[in-house]
Amino acid sequence: MSEQSEALQPGMLRSAPLRSEALQPEAPHPATLQPGILCLRFRRIGGGPPDGAGYAGLLALLGSFTPAVEAMPPEGALADVRGALRYFGRDPAGLAAVIRVRALALHGVDCAIGAAENPMLARMAARRAGPGATFVVPVGGAAAFLADRPVGALDGVGAATARTLCGYGLDSVGRIAAAPLGTLQRITGVRTGRELWERARGVDRTAVVPNAAARSVGAERTFPCDELGRERQRRALMSLTEELGARMRGDGQVCRSLAVSVRYADRTGYSTLTRSRTLREPTAHSAELTALAYRIHDSFALQRARVRGIALRAEGLGDAGRAAHQLTFDPVDERARRIEAVADRLRARFGPQAVMPGRLAA
């Protein structure tokens, strides 16, 4: 039977020849090979972080590029722009430039931007970026970026942990990455050692959490002139902790951490320093907020700096009913909390100035 007659036989199927290109895996889209997380630090042209309304406007601006925006008040934000890179057809540096131009034109705010493949690396890159610049950590470039960084620059490593690690000769991120996991766990504990080991290798399992702006509340005090007196600065801090504590207690909330921003005069005009610390436990107790705010203020070591303003932000807000409080059986602490509850009721009835600490009334 000829080939032609065989092809015409009914009920017989001939399979189509396989094409070699059909067996090849599809090439990844270029956007998937680029770092897709941006960390932005905002600065007003005149100096200092944006105010509350300006900050909300900047978050809305980022929301026009991607719905995955996580607020890091008072002056930062994280954005997952992996979809935006493909949509706008730009690389991370190009998209960051567009965001920077719009922030400057619409809000008078400049941005230092870090781009990387995960939030931890993006935050560290943003700290390396200067005002008006973008620092990009390429995909697969975490080891080279982290190797020569001091151990204290690694996210999640505080001063005490850094001192402990340096005491064992682990004074750089590269040396931590090269150390055996078991060694780190013996030095810092099982969980902390594992986290250090992963972070030193550029591994971050967290994600950008959208719509987190409501997880913080803040207030600020501006002095009529540059203030050198440390005692007056501390009084301003106490008034801020009293205000935020009363506000959180009234809303049934507690916070996990505090961020203090100090705006001071220098040779270039005014600069702003911001530092944050985590509380021992989530709380809205004014005495604990004040104690932590004082420790953060002392860590600035400004000495005779001319301070123009102080801002305080309570971060990581949560439901007070779900927060655990460690019982201390300290009668002084319990009495202070009862007095605080009575003072809150008096303020609610007679106004916020009805009751205040004697140090503020003097």
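## Exercises on salt bridges and pockets

Aspartate 155 and arginine 127 join their side chains in a salt bridge, with N and O 2.7 Å apart. A salt bridge here is a side-chain nitrogen of Lys or Arg within 4 Å of a carboxyl oxygen of Asp or Glu. Keep in mind that this is a predicted model, where local features need pLDDT of at least 70, side-chain atom pairs count only at pLDDT 80 or more, and totals for chains, interfaces and linings use all residues. Residues are numbered from 1 along each chain as its sequence is written, and side-chain values use heavy atoms, leaving out hydrogens and water.

**Exercise 1.** Place aspartate 155 and arginine 127 in the chain, and say whether each is buried, partly exposed or exposed.

*Solution.* Step one: find the elements (DSSP runs numbered from the N terminus; helices are H or I, at least four residues, and strands E, at least two). Aspartate 155 sits in the loop between α6 (142–146) and α7 (159–167), while arginine 127 belongs to helix α5, 28 residues apart. Step two: apply the accessibility classes, with buried under 20% relative accessible area, exposed over 50% and partly exposed in between (1.4 Å probe, protein chains only). Aspartate 155 is buried because its relative accessibility is 13%; arginine 127, at 46%, is partly exposed.

**Exercise 2.** Compare the settings of the pairs arginine 247–glutamate 243 and arginine 280–glutamate 288.

*Solution.* Begin with arginine 247 and glutamate 243, whose closest N and O atoms are 2.8 Å apart. These two are separated by about one helical turn, because they lie 4 residues apart in helix α11 (residues 230–250). Arginine 247 is partly exposed at 33%, and so is glutamate 243 at 28%. Now turn to arginine 280 and glutamate 288, with a closest N to O distance of 3.7 Å. Here arginine 280 is exposed at 70%, whereas glutamate 288 is buried at 16%.

**Exercise 3.** Which residues are closest to the centre of the largest pocket, and which element gives the most to its lining?

*Solution.* First, the term: on a 1 Å grid over the protein atoms alone, a pocket is an open set of points where a 1.4 Å probe fits, with protein on both sides within 12 Å along at least five of seven lines; lining residues have an atom within 4 Å of a point. Next, the residues: 40 line the largest pocket, and Met72, Arg123, Arg127, Ser276 and Glu315 are closest to its centre. Last, the element: β8 gives the most, with 7 residues.
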